[in-house]
Amino acid sequence: MANTEDETETVCRVCGFDGEAFWEGGWPNEAAICPCCGNEPDVGDASVMSLRNYRGYSVGHGAPWLSPSEERKRQGWDLLTQREDIPLQWR
Ligand SMILES: [Zn+2]
């Protein structure tokens with residue numbers, strides 16, 4: 001697996017959405033928020049335990065998008081397909 005210490009993570013650890021620099025060099029980007037699941041770096045995803053809780057909560061509510069306008073850009077979006085992009089260590 002890639003070493004997250006010196007890499008930018010653009011894939012949401014919770015839902016697999018790809019498109020924001022959520023973590024940079026091992027530090028959370030506090031300006032980033034996932035338009036899909038609404039996770040904020042270091043809030044919902046600081047540990048595998050917490051992000052699994054957050055993921056379960058989101059899915060339990062029907063996995064609504066935080067940003068409906070972002071959702072509309074992705075015709076045929078599928079949560080399960082997107083989640084395949086979540087790095088192994090965050091599943
Ligand atoms: Zn997300």
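How much space lies in the largest cavity? About 70 Å³, going by this predicted model. The structure holds 1 cavity of 30 Å³ or more, so let's take a look at its walls and then at the metal site.

**The cavity**

The lining is made up of Val14, Cys15, Cys36, Cys37, Arg55, Ser58, Val59, Ala63, Pro64, Trp77, Leu79 and Arg83. Sorted by character, those residues come out as 9 nonpolar, 1 polar and 2 charged. Two helices put at least two residues each into the lining: helix 1 (48–60) and helix 3 (79–83). Helix 1 is the top contributor, with 3 residues.

**The zinc site**

Now for the metal. Four cysteines hold the zinc ion through their SG atoms, at 2.2 to 2.3 Å: Cys12, Cys15, Cys34 and Cys37. Along the chain, the spacing of these donor residues reads C-x2-C-x18-C-x2-C. The arrangement counts as tetrahedral because the angles between the 4 donor atoms run from 105 to 115°. For reference, the ideal angle for four tetrahedral donors is 109.5 degrees.

Cys15 and Cys37 turn up in both places: they are zinc donors and they also help line the largest cavity.

**How buried are the donors?**

Here are relative accessible areas for two of the zinc cysteines:

| Residue | Relative accessible area |
|---|---|
| Cys34 | 0% |
| Cys37 | 10% |

Buried means under 20% here, so Cys34 at 0% qualifies. Cys37, at 10%, is buried as well.

Notes. Residues are numbered from 1 along each chain as its sequence is written. This is a predicted model: local features need pLDDT of at least 70, side-chain atom pairs count only at pLDDT 80 or more; totals for chains, interfaces and linings use all residues. Side-chain values use heavy atoms; hydrogens and water are left out. On a 1 Å grid over the protein atoms alone, a cavity is a set of points where a 1.4 Å probe fits but cannot get out, and a pocket is an open set with protein on both sides within 12 Å along at least five of seven lines; lining residues have an atom within 4 Å of a point. Grid points are joined across faces, edges and corners, and a volume is the space filled by probe spheres set on the points. Helices (H or I, at least four residues) and strands (E, at least two) are DSSP runs, numbered from the N terminus. Ala, Val, Leu, Ile, Met, Phe, Trp, Tyr, Cys and Pro count as nonpolar, Asp, Glu, Lys and Arg as charged, and the others, Gly among them, as polar. Donors are N, O and S atoms within 2.8 Å of the metal (3.2 Å for Na, K and Ca); water is not among the atoms, so sites may look incomplete. Four donors count as tetrahedral if all angles lie between 85 and 135 degrees; four count as square planar and six as octahedral if opposite donors are over 155 degrees apart and all others between 65 and 115; anything else is irregular. Buried means under 20% relative accessible area, exposed over 50%, partly exposed in between (1.4 Å probe, protein chains only).
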